[in-house]
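Biologist: I would like to learn how to read a model such as this one, feature by feature. Could you take me through it, giving the general idea and then the case at hand?

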Amino acid sequence: MKEKVKKIIYICIIIILTIILIFLFQKIYNSLLQRNTFEKNAINFAEKNEKKIFSIDKVIFFSSCDSKNKTSSPTNFTIENLYTYTDIALFINNNSDENTLENTLKDVKINNIKFTKQPELGKPNLYYKSINNFAKSELEEKNLIEEVLEFEVVSKDEADLSKPLLYNNCANPITLSYINQNIKTDYTMTDTQNPVTYNGKLLERCQIQLDEIETEISFDIEIENNKNQKFKTSVFLDIPYKNNNETIYNGNYKLTKDTQFNFYRYE
């Protein structure tokens, strides 16, 4: 009889302890859940209410193709260094109608260039491109970006835009050119009855598939404003050659893309 009573008491104690543990667990879980929810809401609130000083909201692309050297004879055409070029214009938005120390440029540079997807054919590089030559075939090795591209920032109305230069009020875009060289070289075409067109049509003529030259590129843009505050964003771009209706095979391919590259302040 005593053993039976002890057993019942023991079971009751276990049940009570189990109930207490479940209660405590639920209380701790609810507390952690509320804290996590609060932190998420606080972060979202901060992000929504954080003042956006600089952003890149639009990028324009122009893609075409050319050959560095061309030789012809009565019986054939020979292409040397077949290359594609995609000119890129990135528009910095200072998100204000007024120019202040906070939203005007003092220093701008591009660094940390990476090809996150390499093309199967060719040798890709990123170049500075003068806005005066935007959408024109140009292969200037002096404009190759080795590691860092630093822009001169000016406030005067007239400036030499043939070199890396930006107006401090963000009036002109950053202009670059992605060039993929040596996609084919010493390539001979014997069809001399059809004239050779030195643009995107040449890719199809040389039997280049667009998926063989697909490329993804990334780089960082750093800004210092006139309050000596520093901002940074990472830009990720797919080099465009086609959509559902058009391709570079038509001669060239143009694309205007809305983007959301927001600069965050890090210093």
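Modeller: We will go from the overall fold to the strands, the cores and the charged pairs, and you should keep in mind throughout that this is a predicted model.

Biologist: Then let me begin with the inventory: how many helices and strands are there in the protein, and in what order do the elements run from the N terminus on?

Modeller: An inventory is a count followed by an order. The protein has two helices and 12 strands, and from the N terminus on the elements run α-β-β-β-β-β-β-β-β-α-β-β-β-β. Helix α1 covers residues 2-49, while α2 covers 201-205.

Biologist: Which strands does β1 pair with, and in which sense?

Modeller: To read a pairing, one takes the partner, the sense and the number of bridges in turn. Strand β1, residues 55-72, pairs with strand β2, residues 77-93, in the antiparallel sense over 16 bridges, and a hairpin of four residues joins β1 to β2. Strand β1 also pairs with β11, residues 253-262, again in the antiparallel sense, here over eight bridges. Single positions let you check the register in the viewer: F61 stands opposite I88 in β2, and F62 stands opposite K254 in β11.

Biologist: What is the strand order in the open sheet of six strands, and which are its edge strands?

Modeller: A sheet is read from one edge to the other, noting whether the pairing is of one kind or mixed. The order in this open sheet is β6-β5-β3-β9-β10-β12, with mixed pairing; the edge strands are β6 (165-167) and β12, each of which pairs on one side only. Within the sheet, β3 and β5 run antiparallel and are joined by three bridges, and K109 stands opposite E150 in β5.

Biologist: How should I read the interior, and which residues touch the most other members of the largest nonpolar core?

Modeller: One starts with the overall share and then looks for the residues with many neighbours. Of the 267 residues of the protein, 37% count as buried. The largest nonpolar core has 49 residues, and I174 and F219 touch the most other members; strand β2 gives the largest share of this core, with six residues. Leaving aside neighbours within four places in sequence, I174 is in contact with I88, A89, L90, I92, V108, I110, F151, L166 and I221. Another core lies apart from the largest one and has five residues, among them Y83, Y85, Y127 and I179.

Biologist: What share of the contacts join residues at least 24 apart?

Modeller: Among contacts between residues at least 6 apart in sequence, 75% join residues at least 24 apart.

Biologist: Where, then, is there a nonpolar patch on the surface?

Modeller: For the surface one looks at the total area and then at local groupings. The protein exposes about 16300 Å², of which carbon and sulfur atoms supply 49%. I9, I13, I16, L17 and I20 form a nonpolar patch with about 450 Å² of accessible area together. Of these residues, I9 lies in helix α1 and is partly exposed, with a relative accessible area of 46%.

Biologist: How many salt bridges does a search of the whole structure find, and how should I think about them?

Modeller: Side chains of opposite charge can pair when their charged atoms come close. The search finds six salt bridges. One of them joins D87 and K129, with the closest N and O atoms 2.6 Å apart. D87 lies in strand β2 and K129 in the loop between β4 (123-128) and β5 (149-154), so the pair ties together parts that are 42 residues apart in sequence.

Biologist: Are D87 and K129 buried or exposed?

Modeller: D87 is buried, at a relative accessible area of 0%, and K129 also counts as buried, at 1%.

Biologist: Which residue forms a salt bridge with K117, and how exposed is that pair?

Modeller: K117 pairs with E214, the closest N and O atoms being 2.8 Å apart. The two residues are 97 residues apart, with K117 in strand β3 (residues 105-117) and E214 in the loop between α2 and β9 (216-225). Both count as partly exposed, K117 at 33% relative accessibility and E214 at 29%.

Methods:
Residues are numbered from 1 along each chain as its sequence is written. This is a predicted model: local features need pLDDT of at least 70, side-chain atom pairs count only at pLDDT 80 or more; totals for chains, interfaces and linings use all residues. Side-chain values use heavy atoms; hydrogens and water are left out. Two strands pair if DSSP finds at least two bridges between them. A salt bridge is a side-chain nitrogen of Lys or Arg within 4 Å of a carboxyl oxygen of Asp or Glu. Buried means under 20% relative accessible area, exposed over 50%, partly exposed in between (1.4 Å probe, protein chains only). Contact means heavy atoms within 4.5 Å. Accessible areas come from the Shrake-Rupley method with a 1.4 Å probe; for residues, only the protein chains shown count as cover. A nonpolar core is a set of buried Ala, Val, Leu, Ile, Met, Phe, Trp, Tyr and Cys residues joined through side-chain atoms within 4.5 Å. Patches are made of residues with over 30% relative accessible area and no salt bridge: like charges are joined within 9 Å, nonpolar side chains (Val, Leu, Ile, Met, Phe, Trp, Tyr) within 5 Å.
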